[in-house]
Amino acid sequence: MPVEVTWWGHATCTIEDSGVRVLTDPLFVRRFAHLRRRSGAVPPASAALADVVLVSHLHSDHLHLPSLARVASGTRLIVPEGTLRAVPGLLVVRRMRDLRITEVAPGDAVRIGGVTVRAVPAEHDGRRLPVGPQRVPALGYVVEGEARTYFAGDTGLFEEMAKEVGPVDVALLPVGGWGPRLGPGHLNAARAAEALARLAPRSAVPVHWGTFWPIGMDGVRPHEFHSPGSEFVRQAALLAPEVAVHLPAHGERVLPEVRR
């Protein structure tokens, strides 16, 4: 069966490959801190079903403890090295759900059924904000089964990106954010298209856009909420025309093209 990708909104995706369900950065809420879900329904209970959950970094819209508490008992959870020290609340969730937690650093690989999950670097502030000074490196992951699927988490462009990530078939790239401006360590649509040109996958799916927006700021730079996905499609056609870009709606499953 070819790889299947479902985008649930923000950075939350399900990657299905070789009979293994991989869930990324689960965020299963309508409202989160000062943000509310402006597009797409809250993912259904079935979205929390996974063989392994990947957490890219410690920001609470990526490592969201109430959402992790929804995954099935005994699920494998892969997190950056140092996470358990930096986020004591995760120990409570681990006891509640009997999670099997593995901490990884860039270059580490974990085998789950028919896939191997390989941790790769990301350029992003990995601290758990606003509490705790611990610096835990942000990660991306490559899921290697019948295809090689790169989940970038949050990252900016960095010099060795293509070398560190390696050859991939599918790239899940962040193209926006949850506010009117993006700081360092992020990709907008244009920079994500440049990353696509460097990585040269067969297919790409833009994520981390068009889902959450600050409460009371609907009229502030609304194009930053609505346009990153379509702008990424446009920029990718200019910089990486050989890549097939899929633009799914929230909850939509796509079958990206892969090399045979």
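This report walks through the nonpolar cores, one helix, a small sheet and a few backbone features of a predicted model.

## The nonpolar cores

Let's begin inside the protein. The largest nonpolar core is made up of 53 residues. Those with the most contacts inside this core are I78, Y141, Y150, L173, L196 and F232. Helix α5, spanning residues 189–199, is the biggest contributor, giving six residues. A second core of 23 residues is separate from it, and F28, V55, V71 and I101 are among its members.

F232 is a good residue to click on if you want to explore the largest core. Leaving aside residues up to four places away in sequence, F232 touches L173, V175, A189, A192, A193, L196, A204, P206 and V245.

## Helix α5 and its surroundings

Which residues of α5 are buried? They are A189, A192, A193, A195, L196 and L199. Looking down the axis of α5, you would find these buried residues within an arc of 155 degrees, so they line one face of the helix. The general geometry helps here: an α-helix has 3.6 residues a turn, so residues three or four places apart point the same way. The cover over the buried residues of α5 includes the strands β12 (148–151), β13 (170–174), β14 and β16 (244–245), along with the helices α4 (161–165) and α7 (228–239).

Both ends of α5 are worth a look. At its start, a side-chain oxygen of N188 comes within 3.2 Å of the backbone nitrogen of A190. After the helix comes A200, with a positive phi near 55 degrees.

## A three-stranded sheet

Strands β4, β5 and β15 form an open sheet in the order β4-β5-β15, and the pairing is antiparallel. The edges are β4 (31–32) and β15, each of which pairs on one side only. Strand β5 (residues 35–37) is joined to β15 by three bridges. Across this antiparallel pair, R36 of β5 stands opposite W213 in β15.

## Two loop residues with positive phi

Two further non-glycine residues are handy to view side by side. D98 has a positive phi, near 50 degrees, and sits in the loop between α3 (89–97) and β8 (100–104). H208 also has a positive phi, of about 60 degrees, and belongs to the loop that links β14 (203–207) with β15 (212–214).

Is each of these residues buried, partly exposed or exposed? D98 counts as partly exposed because its relative accessibility is 49%. H208, by contrast, counts as buried because its relative accessibility is 2%, which falls under the 20% cut-off for burial.

Key. Residues numbered from 1 in each chain as written. Predicted model: local features only at pLDDT ≥ 70, side-chain atom pairs only at ≥ 80, totals over all residues. Heavy atoms only, no water. Helix = DSSP H or I, 4+ residues; strand = E, 2+ residues; numbered from the N terminus. Buried < 20%, exposed > 50% of the residue type's maximum accessible area, 1.4 Å probe, protein only. Pairing = 2+ DSSP bridges. Core = buried A, V, L, I, M, F, W, Y, C linked by side-chain atoms within 4.5 Å. Contact = heavy atoms within 4.5 Å. Arc of directions from axis to C-beta. Polar contact = N/O pair within 3.5 Å; in protein donor to acceptor, adjacent residues only side chain to side chain.
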